[in-house]
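Dear colleague,

I am handing over a structure to you with this email, and below it you will find some notes on what turned up in it. Please keep the structure open beside the text as you read.

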Amino acid sequence: MNAVQPSRPPLQPTPRRRVAPRPKRHLRQRSYQVIALETTVKIGVNVVISVAAVTALVKLLPYHWSRQAKLQEINTELRQVEARVNALNVEFSRNFDPRQAKSIMQEQGYRFDPNQRPIMLIKPKAVEVEQVESSP
């Protein structure tokens, strides 16, 4: 283990091949062209998407307007029906009110309470004034 090791020859740097430097001008010009192409493609895609969105809006607006008109019509009918339902509810509660049973019977039939006497109003006849013709 303590044997003498053969000496190594001194390491010499390996000769490197020189790479010819590329002109930077071409790289810059090429990168500008790539950026310009990429920007042009992005703008084109955005224009296509914008045209599609505007077309969809133009087609959807008349549908939206017709739906709004239909909704307005339904709301109007709903208000009318609510008024009718409220009137029917009032009439229903009145018809089943035991305190008003007599008055309802009198309205719907021609019977009167025995304690009541019917009153009939008669228009007085207009008195015709005859002019007496004077004889000569």
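A residue is called buried when its relative accessible area is under 20%, exposed when that value is over 50%, and partly exposed in between. Please bear in mind throughout that this is a predicted model. D97, with a relative accessible area of 15%, falls under the 20% cut-off and is therefore buried. Across the protein chain, which has 136 residues, 1% of the residues count as buried.

As for the overall picture, the secondary structure of the protein chain consists of two helices and zero strands. The surface that the protein chain exposes amounts to about 15100 Å², and 60% of this is supplied by carbon and sulfur atoms.

Next come the charged side chains. In general, side chains of opposite charge can pair when their charged atoms come close. How many salt bridges does the structure hold? There are two salt bridges in the structure. In one of them, D97 is joined to R99, with a distance of 3.4 Å from N to O. While D97 is buried, R99 has a relative accessibility of 74% and so counts as exposed. K42 and E38 also form a salt bridge, in which the closest N and O atoms are 3.4 Å apart. Because K42 and E38 are four residues apart in helix α1, about one helical turn separates them. E38 has a relative accessibility of 42%, which means that E38 counts as partly exposed.

Helix α1, which covers residues 24-95, also contains V41. With a relative accessibility of 48%, V41 lies between the two cut-offs and therefore counts as partly exposed. V41 belongs to a nonpolar patch on the surface, which it forms with L37, V45 and I49, and these residues together have about 370 Å² of accessible area.

Finally, there are the aromatic rings to consider, where the count comes to one aromatic pair. The pair consists of F92 and F96, whose ring centres are 4.8 Å apart and whose planes stand at 50 degrees, so the pair is tilted. Are these two residues, F92 and F96, buried or exposed? F92 has a relative accessibility of 52% and so counts as exposed, and F96, with a relative accessibility of 61%, counts as exposed as well.

With kind regards

Methods: Residues are numbered from 1 along each chain as its sequence is written. This is a predicted model: local features need pLDDT of at least 70, side-chain atom pairs count only at pLDDT 80 or more; totals for chains, interfaces and linings use all residues. Side-chain values use heavy atoms; hydrogens and water are left out. Rings of Phe, Tyr and Trp (its six-membered ring) pair if their centres lie within 6.5 Å; planes under 30 degrees apart count as stacked, over 60 as edge-to-face and the rest as tilted. Buried means under 20% relative accessible area, exposed over 50%, partly exposed in between (1.4 Å probe, protein chains only). Patches are made of residues with over 30% relative accessible area and no salt bridge: like charges are joined within 9 Å, nonpolar side chains (Val, Leu, Ile, Met, Phe, Trp, Tyr) within 5 Å. Accessible areas come from the Shrake-Rupley method with a 1.4 Å probe; for residues, only the protein chains shown count as cover. A salt bridge is a side-chain nitrogen of Lys or Arg within 4 Å of a carboxyl oxygen of Asp or Glu.
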